[in-house]
Amino acid sequence: MATVSQPVSVLEALRRVRQEAATYRGIWSWIATVDHKRIGILYGVTAFIFLLAGGIEALLIRLQLATPNGDVVSPEVYNQLFTMHGTTMIFLVVMPMASAFFNLLVPLQIGARDVAFPRLNAFSYWTFLMGGLLLHASVLAGGAPNGGWFGYAPLTEFPYNPGHGIDFWAMGLQILGISSMASAFNFIVTILNMRAPGMSLFRMPVFTWMTLATAFLIILAMPAIAVALFQLEFDRLFGANFFNPVKGGTPLLWQHLFWIFGHPEVYILILPVMGIISEVLPTFSQKPLFGYPFVVFSGIAIAFMSFGVWAHHMYTTGLGPIANAAFGVSTILIAVPTGVKIFNWLATLWGGNISLRAPLLFAVGFIAMFVIGGLTGVTHSMVPSDYQQQDSYYVVAHFHQVLFGGAIFGIFAGIYYWFPKFTGRLLNEKLAQLHFWLMLVGFNLTFQPMMILGLMGMPRRIYTYPQGMGWDEWNMLATIGSFVIALSILVFMANVVVSLRRGEEAGADPWDGRTLEWSIPSPPPPYNFRRIPVVRARDDFWHRKYVEGPGGRPVPVVAGGAYEKHGHQEDEEHIHLPSPSYFPLICSLGLPIFALGFIFKDYALVAAGAVVILYGIYGWALEPATEG
Amino acid sequence: MTHQPRLAETTLETATGLDNRKLMMWLFLASEAVFFGSLIATYLLYRGQSLQGPYPEDVFNIPFTSVSSFILLMSSATMALAVGAAQRGQLHQMRTWLLVTPLLGISFLAGQAFEFTEFYRQGLTLSSNLFGTTFYVLTGFHGAHVSVGVLILLSLWAAAMLGKIGRHNAINVEIAGLYWHFVDIVWIVIFTLVYLLEPL
Amino acid sequence: MGLDALRIDKKITFYLAIFLPILAVGLAGCGVDAPQNTFAPAGEVAEKQRTIFYMAMWPAVAILIGVWLVLVMALIRYRRRPGRPLPKQVHGNPVLEVAWTLAPLALLLGLAVPMVATVFDLGRNPKAEALRIRVIGHQWVWEFQYPTIMDEKGKPLTILGTPDRPPELHLPVGREIALEITSGDVIHSFWVPRLGGKMDAIPGRFNHMWLVINEPGVYPGQCAEFCGLLHADMRLIVVAHEEEDFQRWAQEMLARQSKGGG
């Protein structure tokens, strides 16, 4: 073999990889994909695996706390467990699940063929995976982080936490932040710039609106935690004094920066799910969302107001009565737009023709559980009573109520709703019902006792508790409940396996849907729409199926649609799609290498990581976006 | 039909009329504003709180920093010239300004490096006090952003020398210009708040 | 069809099954053997905080029941039955929507008034004649100092916990206590639930809180801000006495402290 032919054959091999990837078959077609639908599935499956990891961590926590003076795990392991559980569930489960939905749905709902920056989209996924892997790699390097998901300084500073765990946590979160921000930029540009003709902003589905609001929250909130994490790492690795009281620094700076991010973050977690609910309820009631403008504006209001409440996480830090009162009032007020949404959802159901299929059950479960969570949030906003509730199990109950009872139930509503669209098969309804009831019972058994525990003075983040506090029975109940939840997840997994193989075929529109994604085949072809639709109304697809008859009731249109379809006519062969690329993956690979170099102060590794990243960037910039 | 345009393509029609990449750069700059805002807020929070020296008045050399600030400011002017030349298809001028701008940026960075080594020599380190911590991190991140900008501009210059940048894809120069101007504006804020307002 | 009806009945049953434990909150709050129970206040501050909680809790329970009722009624009354026509496509009702925006706003602003008043009440400076106590958090024991009770060498009476024994903070009843709370290392939080809410112990600063204890008794507490490995073990016990008994205790402790070499 002459050396001259070696570089040529390597290039040739890479070109063949790209060609194979474009056929949508084989492993390369997943590794080099830039198709938003595939990226959505990658996000969803990866997030689900992390859900199992976070769930096992939760079960271990509950086993340890089932009885007083438990010794299932040591205090050190316990502290690592709850740190990883929280960090995993927030950053590696709920956020990526939302990204899965953004990816799968937004281009379809706005009538586009893909997102604005398909390779950046792939990069977002791979970077998410790298961040999650780096975070978990900490276990191999001396132990997982143990400072809580909120990482308060000075506990997370080097003198009190000399191992590498916190560094893995900080670097992992930075990488995850890059992933989220890249995704957010992509979706804002996509939603603003790539809507089908006739789709004004106020004709967009609510899920797309909530995606837009969430994306703005991400790009404006994540830089604050990025700065906080940089400051923490500069303290830990290079001896800076950001949070060092000895040199005059204040630990409260960490808390301010963290919560300026952290509070918008919880709305980042819930707004997409509120969007999902706003899609499921109208479809299964067969009437439009009640008060679309109010629902959209309240989402925007929540996003804005979320930046003005952060110090309600700091009421007990001694900020003084003026600050506490001000943040108390702003926090109380944010309940208003949230309440509006709940009332609008109820009014959507009222007067409808309600089908009690799985997506609707989970959506109703969401409303029932989320309203408890929201109301307990109002009790938190009453500052003096929060002096008792803060850092107790009452808080744990509150946020699980909104993040599990809310976000997770809503995510399952979305999964049952849209699974048929992307796989072509319906999930089994009986197993779905079993999943729902088990999960509802398990959830309440687990978390309602925690409200009581908090009010009875049980603090959070404790690896054990003594007898005689009145806490024993409630803890045992909570542990039992957690295993019922686990069982319900197993039922769901069985459902997916069974349904992928022999589920009922769904067809394009199994639910008599209202939005554009139901107008194309299930699963959608790579190009989504053969013709880019011209949009005439909100819920455009519904209006193509039905016209308004007497009494305002819809009457199905016989054939061809309520109005003529215009639009770009394209033959399948002439629709150009973005070509697959492996440069996003290469770029992503460089990030953990770069980070590991800093963690271990190995600057050769830092340089190597930088080289990989730069190679990825230049390759990406110079490669043609479409081939032929 | 939607796909990512390569360097050699024109802008597609978008619902807002703004090119996708330009819109994205604006969004990115908004997030950068929050990023630098947090670092600047930290600096201001800790201003005057150092328990021991060296203090700013001990180390600052305002005339020197004024000169390097001026150089950076000039680079924004040359950047604007590069954008204008690109949009008018004046390739020779575009190439010139696309080289001069990063060279001015490098001069600014050299000035920063010199300043930092001077401060270090006078005992100001990352660990010495709050001033060292907040100053080096804030200006260091800014310098890192300038460096990335220099890399982007030199890459554009190289592409221009290879004939790949012209009127049809002037938007690439424009977008780089947005980033460069932003980095310059951040410096103006830093220079004002950190250096010039120090005596107050 | 019949199955649907079954589901609805199950739904009501399950909602009740969820609701009842929440109701049990009130019942559980009746003390029993729960020494850190926030529903069994033994001091003025804890009482005021519980009052504020009730102000939010009862309207919250009412709203919760209301929302659930509407939900269940909708699911029963409007469930899909074969042959039922498609429903009227109602898009909204601006008057109703404005009403259900303004009504909660009014309720919440109403709650805000007593809330803000209590914030300022609880956040006021302690009275001049209050008994000063300095609280210092350490990983993982509490330390208490009595700056106005000094031994012969001029050192304040100091109580330090050990890993096996939580320290006892002895206090007089009926008299205002002014706590000055700080930490010697990481952030902790001082919490004795039956006496009042918590206040964080932050290195490099003093946080202030006042308390008044109603009756003699034993009131346990523990650290309420995650502070590392043995955060769960960082407990304390407040022992409240009538004034005379407290003075006697203080003198005894001072004597012990002087003898022990300060």
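Two residues are in contact here if their C-beta atoms, placed from the backbone, lie within 7 Å. Keep that in mind for chain B: among its contacts between residues at least 6 apart in sequence, 82% join residues at least 24 apart.

This is a predicted model, in which local features need pLDDT of at least 70, side-chain atom pairs count only at pLDDT 80 or more, and totals for chains, interfaces and linings use all residues. Residues are numbered from 1 along each chain as its sequence is written, while chains are lettered from A and ligands numbered from 1 in the order in which they are written.

**Confidence**

The model scores ipTM 0.94 and pTM 0.93. Chain C has a mean pLDDT of 90, with 87% of its residues at 70 or more; pLDDT is the predictor's confidence in each residue, from 0 to 100. Be careful with residues 1-6 of chain C, where pLDDT stays under 50. For that stretch the model has two contacts beyond four places in sequence.

**Chain B**

Chain B comes to six helices and zero strands, so to speak an α-α-α-α-α-α pattern when read along the sequence. Helices (H or I, at least four residues) and strands (E, at least two) are DSSP runs, numbered from the N terminus. The C-alpha atoms of chain B fill a box of roughly 60 × 35 × 25 Å, taken along the principal axes. Of the 200 residues in chain B, 36% are buried. A residue is called buried if 20 or more other C-beta atoms lie within 10 Å of its own, exposed if 12 or fewer, and partly exposed in between, with C-beta atoms placed from the backbone.

**How the chains meet**

Two pairs of chains are in contact, and chains A and C share the most contacts. Chain B and chain C have no contact, and their closest C-alpha atoms lie 13 Å apart.

For chains C and A, 86 residues of chain C are in contact with 86 residues of chain A. On the chain C side, the elements giving two or more residues are helix H1 (2-28), helix H2 (44-77), helix H3 (94-122) and strand S7 (199-201). H2(C) gives the most, with 16 residues.

The contact between chains A and B takes 38 residues from chain A and 32 residues from chain B. On the chain A side, H5, H6, helix H7 (206-238) and helix H8 (251-285) give two or more residues, and H7(A) gives the most, with eight.

Here is the make-up of two chain sides and one domain side. Ala, Val, Leu, Ile, Met, Phe, Trp, Tyr, Cys and Pro count as nonpolar, Asp, Glu, Lys and Arg as charged, and the others, Gly among them, as polar.

| Side | Nonpolar residues | Polar residues | Charged residues |
|---|---|---|---|
| Chain C, touching chain A | 54 | 18 | 14 |
| Chain A, touching chain B | 26 | seven | five |
| Domain 1 of chain C, touching domain 2 of chain C | six | five | one |

**Inside chain C**

The domains in that last row are domain 1 (2-82) and domain 2 (131-259) of chain C, with bounds from an automatic or database domain assignment. Their contact takes 12 residues from domain 1 and 14 residues from domain 2.

Now look at strand S10 (residues 235-241) of chain C. Its covered face holds Leu236(C), Val238(C) and Ala240(C), and its uncovered face holds Arg235(C), Ile237(C), Val239(C) and His241(C). Strand S4 (residues 168-172) of chain C pairs with S10(C) in the parallel sense over five bridges; two strands pair if DSSP finds at least two bridges between them. Pro172(C) stands opposite His241(C). Strand S9 (residues 217-222) of chain C runs antiparallel to S10(C), joined by six bridges, and Val218(C) has Val239(C) as its bridge partner.

**Inside chain A**

Helix H17 (residues 583-599) of chain A has 17 residues and reaches 25 Å from its first C-alpha to its last. That is close to the 24 Å expected at 1.5 Å a residue, the expected span being 1.5 Å times one less than the number of residues. H17(A) is mostly covered, with 12 of its 17 residues buried, including Phe583(A), Leu591(A) and Ile599(A). These buried residues pack against helices H2 (27-31), H5 (118-137), H6 (165-193) and H18 (603-622) of chain A. Just after H17(A), Lys601(A) takes a positive phi of about 50°.

Why is Leu176(A) counted as buried? Because Leu176(A) has 25 C-beta neighbours inside 10 Å. Leu176(A) is found in helix H6 of chain A and, leaving aside neighbours within four places in sequence, is in contact with Phe91(A), Phe128(A) and Gly131(A).
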